[in-house]
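Work through the exercises below with the sequence and the coordinates at hand. Each task is followed by a solution in steps.

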Amino acid sequence: MNSKAGSTFGSDGATDSSAARRNSKKPKYSKFTQQELPACKPLLTPGIVISTFALIGIIFIPIGLASLSASEHVVELVDRYDADCVPQHLRDDKLAFIQNSQTNKTCTRRLIVPKQMSSPIQVYYQLDNFYQNHRRYVKSRSDKQLKSKSSERETKTCEPEGTTGDGLAIVPCGLIAWSLFNDTYSFSANSKSLQVNKKDIAWQSDKKHKFGSDVYPKNFQSGGLIGGASLNASIPLSEQEDLIVWMRTAALPTFRKLYGRIEVDLEANEEITVVIQNNYNTYSFGGKKKLVLSTTSWIGGKNNFLGVAYLTVGGLCLFLAMGFILLYVFKPRTLGDPSYLSWNRNAAGYSN
């Protein structure tokens, strides 16, 4: 009788113990959780260190030279026009000029092509001192509204440009859309008009996934204070590429955005006539406006930073490799015995 009771007690105790282990919050033992998986632990011998630095230098320096060469072959024409496009008698009060709807905002500029520019020629507008990265400005949009017609009333994040005075939803809402750039450019050379292709200037991912084909502008720029360009209410947002480009906000206060492309070659010393509608107000915050014509290369536009960075890192690595070689030749040091390393004495990676 006692033996049966003892057997039963032992069985119940084992059952309770196994149940306790199952309900325990401690993780099961594994080599992964205990960091005992096999690992690569190279010995940094002088040969390995010198070879690594030399290899980095040999790879980086040609890349840097190629990047600089490509950047030097980019032809860029930059023209700042915000100050010169204000009539002489109104330059003491530029803000009054830009805010007066009765003044003529047409401005004609003549540009000389410095070198031959092969098509396609990218046309950008550049703004300085414009903080598109301001926290309140960046948040003043409704991604749900931009994407779907059913979310037209989703304007809580768009204040103060969420609804009209009558409570009707503004589409697209928010300060980013409201401040859409509205200067326009028309080009001609040798009395012939140069067409600007404004198709495919926005990212395809933005057009397909962020702006709906069933969402149309509504009540946009209908208030008392107009921020920038208006939108065609008969064209869906997914096809309004100027808006899509503008709403991909810039990280820095000086930025360029693509306006279009000129798809003919321009010869060196050729005179380009640009008729500008100087509508956008940068005078209230001390901003600058520039028109940029640029060719491109395999690294994009004109930018020496990438090439200089590669050359700097590559040159520094070669310098260190040469320094280590001289140090190893004139002041060599005896290497330690790797058998004393902890991972050679203990497979788990811990010293005894």
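**Exercise 1. The enclosed space**

Task: Sort the lining of the largest cavity by residue class, then name the residues and give the volume.

Solution.
- Step 1. The lining of the largest cavity holds 4 nonpolar, 2 polar and 1 charged residues.
- Step 2. The residues concerned are Glu161, Ile170, Pro172, Gly174, Trp178, Phe220 and Gln221.
- Step 3. Glycine is counted as polar and glutamate as charged, so Gly174 and Gln221 are the polar residues and Glu161 is the charged one.
- Step 4. The volume of the largest cavity is about 30 Å³, and the structure has 1 cavity of 30 Å³ or more.

**Exercise 2. Confidence in the model**

Task: The model is predicted; state the average pLDDT of the protein chain and find where the pLDDT is below 50.

Solution.
- Step 1. The average pLDDT of the protein chain is 89, and 89% of the residues score at least 70.
- Step 2. The pLDDT falls below 50 over residues 5-10, a stretch with 0 contacts in the model beyond near neighbours in sequence.
- Step 3. Predicted coordinates should not be read in detail where pLDDT is low.

**Exercise 3. The chain as a whole**

Task: Describe the protein chain by its helices and strands, its buried share, its contacts and its exposed area.

Solution.
- Step 1. The protein chain contains 10 helices and 9 strands.
- Step 2. Of its 352 residues, 33% are buried.
- Step 3. Take the contacts between residues at least 6 apart in sequence: 79% of them join residues at least 24 apart.
- Step 4. The exposed area of the protein chain is about 22,000 Å², with 56% supplied by carbon and sulfur atoms.

**Exercise 4. The open space**

Task: Characterise the largest pocket by volume, lining and contributing elements.

Solution.
- Step 1. The largest pocket contains about 680 Å³ of space.
- Step 2. Its lining has 25 residues, and those nearest the centre are Trp178, Ile226, Gly227, Gly228 and Asn281.
- Step 3. Two or more lining residues come from each of α3 (94-99), α4 (135-139) and α6 (175-178).
- Step 4. By class, the lining of the largest pocket has 10 nonpolar, 13 polar and 2 charged residues.
- Step 5. Trp178 is named among the residues nearest the centre of the pocket, and Trp178 also lines the largest cavity.

**Exercise 5. Cis peptide bonds and positive phi**

Task: Which peptide bonds are cis, and which residues other than glycine have a positive phi, among those at Pro120, Pro160, Asn129 and Asn190?

Solution.
- Step 1. As background, most peptide bonds are trans and most residues other than glycine have a negative phi.
- Step 2. The bond from Ser119 to Pro120 is cis, with omega near 0°; Pro120 sits in the loop between β2 (106-112) and β3 (121-128).
- Step 3. The bond from Glu159 to Pro160 is also cis, with omega near 10°, and Pro160 is in the loop between α5 and α6.
- Step 4. Asn129 has a positive phi, near 65°, and belongs to the loop between β3 and α4.
- Step 5. Asn190 has a positive phi, near 55°, and belongs to the loop between β4 (184-189) and β5 (192-194).

**Exercise 6. Assigning burial**

Task: Are Ser151, Lys94, Asn129, Asn190 and Glu239 buried, partly exposed or exposed?

Solution.
- Step 1. The cut-offs are under 20% for buried and over 50% for exposed, with partly exposed in between.
- Step 2. Ser151 has a relative accessible area of 15%, so Ser151 is buried. Ser151 lies in the loop between α5 (143-147) and α6 and touches Lys144 and Gln145, leaving aside residues up to four places away in sequence.
- Step 3. Lys94, in helix α3, has 27% relative accessibility and is therefore partly exposed.
- Step 4. Asn129, at 32%, is partly exposed.
- Step 5. Asn190 is exposed because its relative accessible area is 60%.
- Step 6. Glu239, in the loop between α7 (204-209) and α8 (241-247), has 53% relative accessibility and so counts as exposed.

**Exercise 7. Sequence and space**

Task: How far apart in space are the C-alpha atoms of Lys94 and Tyr283, and those of Glu239 and Tyr216?

Solution.
- Step 1. Lys94 and Tyr283 are 189 residues apart in sequence, with a C-alpha to C-alpha distance of 6.4 Å.
- Step 2. Not counting residues up to four places away in sequence, Lys94 touches Ala83, Val86 and Tyr283.
- Step 3. Glu239 and Tyr216 are 23 residues apart along the chain, and their C-alpha atoms are separated by 9.9 Å.

Terms used: Residues are numbered from 1 along each chain as its sequence is written. This is a predicted model: local features need pLDDT of at least 70, side-chain atom pairs count only at pLDDT 80 or more; totals for chains, interfaces and linings use all residues. Side-chain values use heavy atoms; hydrogens and water are left out. On a 1 Å grid over the protein atoms alone, a cavity is a set of points where a 1.4 Å probe fits but cannot get out, and a pocket is an open set with protein on both sides within 12 Å along at least five of seven lines; lining residues have an atom within 4 Å of a point. Grid points are joined across faces, edges and corners, and a volume is the space filled by probe spheres set on the points. Helices (H or I, at least four residues) and strands (E, at least two) are DSSP runs, numbered from the N terminus. Buried means under 20% relative accessible area, exposed over 50%, partly exposed in between (1.4 Å probe, protein chains only). Contact means heavy atoms within 4.5 Å. Accessible areas come from the Shrake-Rupley method with a 1.4 Å probe; for residues, only the protein chains shown count as cover. pLDDT is the predictor's confidence in each residue, from 0 to 100.
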